Amino acid sequence: MIVTTPVRWTELDSPLGPLLLTADPATGALTSVSVPGQKGGRTVQEGWRRDPALFHAAEEQFAAYFAGELKDFQLELSTAGSEFRERVWAALDDVPYGSTTTYGEIAARIGAPRAAVRAVGGAIGANPLLVVRPCHRVIGADGALTGYAGGLERKMRLLTLEGRL
C-alpha cells in the first residue's frame, strides 16, 4: 500500500483576488500559485491539508511585492513539467522586475527555433506559479498584452505595479 502525504495549501488575499498556494508536503517548496478563474489553475481538492504556517515566507514576500517593496521572490519552488516547459519557466525567472520580453525572445533564450514560439506560448500559459514566475512580463512582438492565464486585467495590474504600464 502506497501512502501519500496530502498537498498542503493556503489562501492569501491580494490585489488580484485570493491567491491559492500549494506546496510539496515533503519539502515545503511552492508548487503552484493560482487565482480564481485562471485557465488551468488549481482548486482545493478533497484530502488536501490547509497549512498556513508552511507558507509564512511566501505570505511575507507576496505582501512586500504587492506593496512595491520586493522585486525578486526568494522561495523554494518545485514544478513538474516537461523538460521543454521547465526550460521556458526557468527563462521567465530571468526577466527583470519592471521589464517585459516577447515570446520570440524567450524562445531564443532557451535555444528553440523561431517556429517554437507557439510552443513557448503554451508553456508560458501553463506556468503553475503565477506572479512568482513572471509570465505576466511576456508580451507580443508588437507590444500587445497578449494572453495571460490569470486574465488580461490581472496582467495589466501586475505590469502597472511594476511601473511598466
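The exercises below concern one predicted model of a single chain.

Residues are numbered from 1 along each chain as its sequence is written. In this predicted model, local features need pLDDT of at least 70 and side-chain atom pairs count only at pLDDT 80 or more, while totals for chains, interfaces and linings use all residues; side-chain values use heavy atoms, without hydrogens and water.

**Exercise 1. Describe the fold order and the overall dimensions of the chain.**

Step 1. Take helices (H or I, at least four residues) and strands (E, at least two) as DSSP runs, numbered from the N terminus. The chain then has 5 helices and 6 strands.

Step 2. Read from the N terminus, the order is β-β-β-β-α-α-β-α-α-β-α. The radius of gyration is 16 Å, close to the 15 Å given by the globule rule for 165 residues, so the chain is as compact as a globular protein of that length. Here the radius is taken over C-alpha atoms, and the rule is 2.2 Å times the number of residues to the power 0.38.

Step 3. Along the principal axes, the C-alpha atoms fill a box of roughly 50 × 40 × 25 Å.

Step 4. Define contact as heavy atoms within 4.5 Å. Of the contacts with a separation of 6 or more, 57% join residues 24 or more positions apart.

**Exercise 2. Identify the largest nonpolar core and the elements that build it.**

Step 1. Call a residue buried under 20% relative accessible area, exposed over 50%, and partly exposed in between (1.4 Å probe, protein chains only). On this scale, 45% of the 165 residues are buried.

Step 2. A nonpolar core is a set of buried Ala, Val, Leu, Ile, Met, Phe, Trp, Tyr and Cys residues joined through side-chain atoms within 4.5 Å. The largest one has 40 residues, and Leu21, Phe62, Ile106, Ile124 and Val131 have the most contacts inside it.

Step 3. At least two core residues each come from strands E2 (19-23) and E3 (30-34) and from helices H1 (56-66), H2 (83-92), H3 (103-109) and H4 (117-125). H1 gives the largest share of the core, 5 residues.

Step 4. Examine H1 itself: its buried residues are Ala58, Gln61, Phe62, Ala64, Tyr65 and Phe66. They pack against E1, E2, E3 and helix H5 (152-161). Just after H1, Gly68 has a positive phi of about 80°.

Step 5. For Val131, skip neighbours within four places in sequence; the contacts are then Leu16, Phe62, Tyr65, Phe73, His136, Tyr148 and Leu158.

**Exercise 3. Is Ile124 buried or exposed, and which residues does Ile124 contact?**

Step 1. Ile124 belongs to helix H4. The relative accessible area of Ile124 is 5%, so this residue is buried.

Step 2. Beyond four places in sequence, Ile124 contacts Val88, Trp89, Leu92, Tyr103, Ile106, Cys135 and Val138.

Step 3. Arg85 is 39 residues from Ile124 along the chain, with 7.8 Å between their C-alpha atoms.

**Exercise 4. Place Ala126 and Thr10, and assign their exposure.**

Step 1. Ala126 sits in the loop between H4 and strand E6 (138-139). Its relative accessibility is 26%, so Ala126 is partly exposed.

Step 2. Apart from neighbours within four places in sequence, Ala126 contacts Arg85 and Trp89. The C-alpha atoms of Ala126 and Arg114, 12 residues apart along the chain, are separated by 20 Å.

Step 3. Thr10 lies in strand E1 (residues 8-12) and is buried, at 4% relative accessibility. Outside four places in sequence, Thr10 touches Leu19, Leu20, Leu21, Arg50, Pro52 and Phe55.
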